[in-house]
Structures are given as structure tokens and as C-alpha cells.
Amino acid sequence: MARVALVTGGTRGIGRAISIELKNQGRKVVANYAGNDAAARAFTEDTGIVAYKWDVGDHEACQEGVAKVAAEQGPVEILVNNAGITRDGTIMNMTFDMWREVMRVNLSGCFSMAKAVFPGMRERRWGRIVNIGSINGQGGQYGQVNYAAAKSGIHGFTKALAQEGARYGVTVNALAPGYIDTDMVAAVPPDVLEKIKARVPIGRLGRAEEIARGVAFLCAEDAEFITGSTLSINGGQHMY
Ligand code: CAA
């Protein structure tokens, strides 16, 4: 029986590429999404991957969503916490709402999703959790105190939960992408983006598929000795 892999924010951008890659690896993939129904419909038509709608920033919705997926598709054995948003601005212009919304979705979303799947993984003595962090959680970024704090939090969350899962065959790792060619990065002002690109030794933005390959590696059957790690895939921009 194929293992069920749940990818949050799995119908667009990096998440879409992760969903497709895990499907190609023989997993039974389920994609979660929060808002864009048209994109989710198109994604399911293109890929045959079923999509479930809920907001990962809503704790109860995560518990209910995972229970529904389990009832309809089987227990979730692989979780990719990919859903994330930006609300960029310098601290001079950042409101508390911009801070809170990014923490709610990007960081609390990881907790709520892990909370929903971890007991079953522990009981079955097998699980893979991959949390998508960011180069900007490793090195910070001007205009992103909220996002950098949330992503940095994901890296700590990963190392703590990895310790709790280790004895039970549940690995927990982070993947820290650099600047990837997605809608999120396209929203960065062009002059700023040119300066960022100039700092990437490989000289271009990453491709979503290049992140997906790393996720598949961390979710593999024979990846059981890899836990509490952060895999940085960023074209050499930031070497940790
Ligand atoms: N270093 C120093 N100064 C900088 C700077 C930097 N990196 N970036 C902008 N500035 C300066 C500008 O030149 C400008 O200076 P002046 O006021 O003297 O003209 C000032 O900061 C900008 O001030 P604003 O009041 O306009 O700032 P703002 O509150 O509107 O914020 C911004 C603007 C959001 C920071 C904008 O510059 C921006 O979008 N920057 C890019 C942020 C970024 O990289 N986001 C990543 C999104 S992708 C992602 O997050 C995915 C991932 O994981 C990698």
C-alpha cells in the first residue's frame, strides 16, 4: 500500500512541485490549500492529485482536515509543512496584524499540522515530517522580521520535534530554500530582486522542482538516519 503524503500549500508554487515529485516516487499524495479554488481545481485536473481545503493557521481546522484525509485516503505517514505567506515591510511599516498573520500561518501552522499527525506516526512507528524553512530564517532579510522569525522558529521546532520522534521511527527535518522562481518571489520589487540574484553564486533563481527533489530525499524509505537536519538548497547563496 502506498503511503499517504500530505503537502500543505500543495497546489501552487513549491508545494505543487513537491506534490508531483512525491507522487512520482509512488506516494499517495494529498494536497492541502487555503484559498485559491481555481488553482486547486486546475492542479487536480492536471495531476490527478486530490486537494483538500482548510487554513493551516486554524488549529481546529487542521485536526478536522487531517481526520477527514485519514478517513478518506488512509493515515498520513508523510507530512510536508510547506504552506507559507509573506507580509513584507520594514518594522517602521509593519503592523501587528502583519506580524501575527505570518506567525499564525507559517509557524503555528506547522505545530497544528504536526499535532494532528504525530500521534499516529508514533503509534505506527514510522513517519516523515519535512518543514519548509527559508534562507531568510537562517540569515534574516531586510523587510521581513515577521517571516524571518517564523522561518527561524521552524528550524528550532524541527530540531525539538526530531528529538521526540527519534525513538519511534518518525524523522523530522527542515529544508531551507533560497530564492525560488514562484509567485511569492515574483512579488519582490524588480530592482530588489536583481540585487538578490546578484548574490546567488549560481546566478539564477532556483526552480520549485529543485526543492521538491530535496523533500523526496528526506521522505525516502531509507532516510531513517536523517533527522533534525536542515537541508539548504539555495544556489550557494548562504552556506550553513
Ligand atoms: N538593505 C538596506 N536597505 C534596504 C534594503 C536592504 N536589503 N532593502 C530596501 N532598503 C531600503 C530602500 O532602499 C529604502 O530606502 P529609502 O527609504 O532611503 O529609499 C527603504 O529601505 C525602504 O523603505 P520603505 O519604507 O519603502 O520600506 P517598506 O516598509 O515599504 O518595505 C520592502 C519595503 C518590503 C523591504 C521591499 O524593499 C521588499 O520587498 N524587499 C524584499 C524583501 C524580500 O526579500 N522578501 C522575500 C520575499 S520571497 C520569500 O520570502 C521566500 C523565501 O523564503 C526566500
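**Exercise 1. Locate arginine 204 in the predicted model and describe its surroundings.**

Solution. Step 1: Arginine 204 belongs to the loop that connects α8 with α9 (208–218).

Step 2: Its relative accessible area is 31%. Buried requires a value under 20% and exposed a value over 50%, so arginine 204 is classed as partly exposed.

Step 3: The side chain of arginine 204 makes a polar contact of 2.8 Å with the side chain of glutamate 210.

Step 4: Isoleucine 180 is separated from arginine 204 by 24 residues in sequence, and the distance between their C-alpha atoms is 8.9 Å.

**Exercise 2. Determine whether asparagine 36 is buried, exposed or partly exposed, and identify the backbone atom that its side chain reaches.**

Solution. Step 1: The loop between β2 (28–33) and α2 (37–47) contains asparagine 36.

Step 2: With a relative accessible area of 36%, asparagine 36 is partly exposed.

Step 3: The side chain of asparagine 36 reaches the backbone nitrogen of alanine 39, at 3.0 Å.

Step 4: Arginine 12 is 24 residues away from asparagine 36 along the chain, with 9.1 Å between the two C-alpha atoms.

**Exercise 3. Describe the shell around the ligand by class of residue, and list the side-chain polar atoms found at short range from the ligand's own atoms.**

Solution. Step 1: The ligand is surrounded by 20 residues, of which Asn93, Ser134, Tyr142, Tyr147 and Tyr179 come nearest.

Step 2: Sorted by class, the shell comprises nine nonpolar, ten polar and one charged residues.

Step 3: The individual distances are as follows.
- An N or O atom in the side chain of aspartate 88 is 2.8 Å from a nitrogen atom of the ligand.
- For asparagine 93, a side-chain N or O atom is 2.7 Å from an oxygen atom of the ligand.
- For serine 134, a polar side-chain atom lies 2.6 Å from an oxygen atom of the ligand.

Step 4: The ligand taken alone exposes 1,100 Å², and the protein buries 58% of that area.

Step 5: Two or more residues of the shell are given by each of the elements α7 (183–186) and α8 (190–198).

**Exercise 4. State how many aromatic pairs the structure has, and identify arginines that lie over an aromatic face.**

Solution. Step 1: Across the whole structure, the search for aromatic pairs finds zero.

Step 2: Arginine 3 lies over the face of tryptophan 126, at 3.5 Å from the ring centre.

Step 3: Arginine 122 lies over the face of tyrosine 168, where the distance to the ring centre is 4.2 Å.

Key:
Residues are numbered from 1 along each chain as its sequence is written. This is a predicted model: local features need pLDDT of at least 70, side-chain atom pairs count only at pLDDT 80 or more; totals for chains, interfaces and linings use all residues. Side-chain values use heavy atoms; hydrogens and water are left out. A residue is near a molecule or strand if one of its heavy atoms lies within 4 Å of it. A polar contact is a pair of N or O atoms within 3.5 Å; within protein, one must be able to donate a hydrogen and the other to accept it, and residues adjacent in sequence count only if both atoms are side-chain atoms. Accessible areas come from the Shrake-Rupley method with a 1.4 Å probe; for residues, only the protein chains shown count as cover. Helices (H or I, at least four residues) and strands (E, at least two) are DSSP runs, numbered from the N terminus. Ala, Val, Leu, Ile, Met, Phe, Trp, Tyr, Cys and Pro count as nonpolar, Asp, Glu, Lys and Arg as charged, and the others, Gly among them, as polar. Buried means under 20% relative accessible area, exposed over 50%, partly exposed in between (1.4 Å probe, protein chains only). Rings of Phe, Tyr and Trp (its six-membered ring) pair if their centres lie within 6.5 Å; planes under 30 degrees apart count as stacked, over 60 as edge-to-face and the rest as tilted. A charge sits over a ring if NZ of Lys or CZ of Arg is within 6 Å of the ring centre and within 35 degrees of the ring normal.
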